[in-house]
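This report walks through a single protein chain and some of the local features that can be read from its atoms. Please keep the sequence and the three-dimensional view at hand while reading.

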Amino acid sequence: SLELFHYNDLSLNVSKTKEMIVDYRRQQGSGHLPIHIGDAEVESVTSFTFLGVHITEYFSWTLHTDTITNKARQRLFFLRRPRKFGMNASILSNLYSCTIERMLTGCITVWYGNCS
């Protein structure tokens, strides 16, 4: 409860607090009441980003894979420019590893096994 926060001189920023409901029941109703902390209501969301991984309420990784593919496409543009000017292939390979491959393989153990 909030008494524990006050006892330890901590504060909770309710405006940054999110609630995501994962409900696998067949008959999903609106039986979920909003959470209130103090006088503020916690915002209910269908997806959020945690440590760079986009998580949805159905644990579908489509949003995450679409996001990182779009980011990779944008960064590929910046790799094409040095290639046009005759940059060494090993330097281009290092640039790819540092900018694109790192992003594509980030947290891959979390999302890749369940990707469809």
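Does arginine 81 count as buried, partly exposed or exposed, and what is its relative accessibility? Arginine 81 counts as partly exposed, because its relative accessibility is 42%. The model discussed here is a predicted one, and the values below should be read with that in mind.

## Positive charge on helix α2

Arginine 81 lies in helix α2, which covers residues 62-84. On the surface, this arginine gathers with Arg80, Arg83 and Lys84 in a patch of positive charge.

## An aromatic pair

When the whole structure is searched for aromatic pairs, one is found. Its members are phenylalanine 77 and phenylalanine 78, whose ring centres are 5.4 Å apart and whose planes stand at 75°, so the pair is classed as edge-to-face. That class follows because planes over 60 degrees apart count as edge-to-face.

The two members fall into separate exposure classes: phenylalanine 77 counts as partly exposed because its relative accessibility is 43%, while phenylalanine 78 counts as exposed at 59%, the cut-off for exposed being over 50%. Phenylalanine 78 is found in helix α2. Between the C-alpha atoms of phenylalanine 78 and histidine 36 there is a separation of 46 Å, the two residues being 42 residues apart along the chain.

## A salt bridge between strands

Which residue forms a salt bridge with glutamate 43? The partner is lysine 18, and the closest N and O atoms of the two residues are 2.7 Å apart. The pair links distant parts of the chain, with glutamate 43 in strand β4 (residues 43-44) and lysine 18 in strand β1 (residues 18-19), 25 residues apart. The structure holds one salt bridge.

Both ends of this contact can be placed by their accessibility. Glutamate 43 has a relative accessibility of 41% and therefore counts as partly exposed, and lysine 18, also with a value of 41%, counts as partly exposed as well.

## Positive phi angles in two loops

Aspartate 9 is a residue other than glycine with a positive phi, the angle being near 55°. Aspartate 9 has its place in the loop between α1 (2-7) and β1, and with a relative accessible area of 74% it is exposed.

Where does phenylalanine 59 lie? The place of phenylalanine 59 is in the loop between β6 (53-56) and α2. Although phenylalanine 59 is not a glycine, its phi is positive, at about 55°. Its relative accessibility is 39%, so phenylalanine 59 counts as partly exposed.

## A nonpolar surface patch

Phenylalanine 59 also takes part in a nonpolar patch on the surface, which it makes together with Val22 and Tyr24, and the area of this patch is about 310 Å². In the case of phenylalanine 59, then, a positive phi of about 55° and membership of a nonpolar surface patch come together in one residue of the loop between β6 and α2.

Key:
Residues numbered from 1 in each chain as written. Predicted model: local features only at pLDDT ≥ 70, side-chain atom pairs only at ≥ 80, totals over all residues. Heavy atoms only, no water. Patch = residues over 30% accessible without salt bridge, like charges linked within 9 Å, V, L, I, M, F, W, Y side chains within 5 Å. Areas by Shrake-Rupley, 256 points an atom, 1.4 Å probe, with all protein chains shown as cover. Salt bridge = Lys/Arg side-chain N within 4 Å of Asp/Glu carboxyl O. Lys, Arg positive; Asp, Glu negative; His and termini not counted. Charge placed at Lys NZ, Arg CZ, Asp CG, Glu CD. Helix = DSSP H or I, 4+ residues; strand = E, 2+ residues; numbered from the N terminus. Buried < 20%, exposed > 50% of the residue type's maximum accessible area, 1.4 Å probe, protein only. Phe/Tyr/Trp six-rings, centres within 6.5 Å; stacked < 30°, edge-to-face > 60°.
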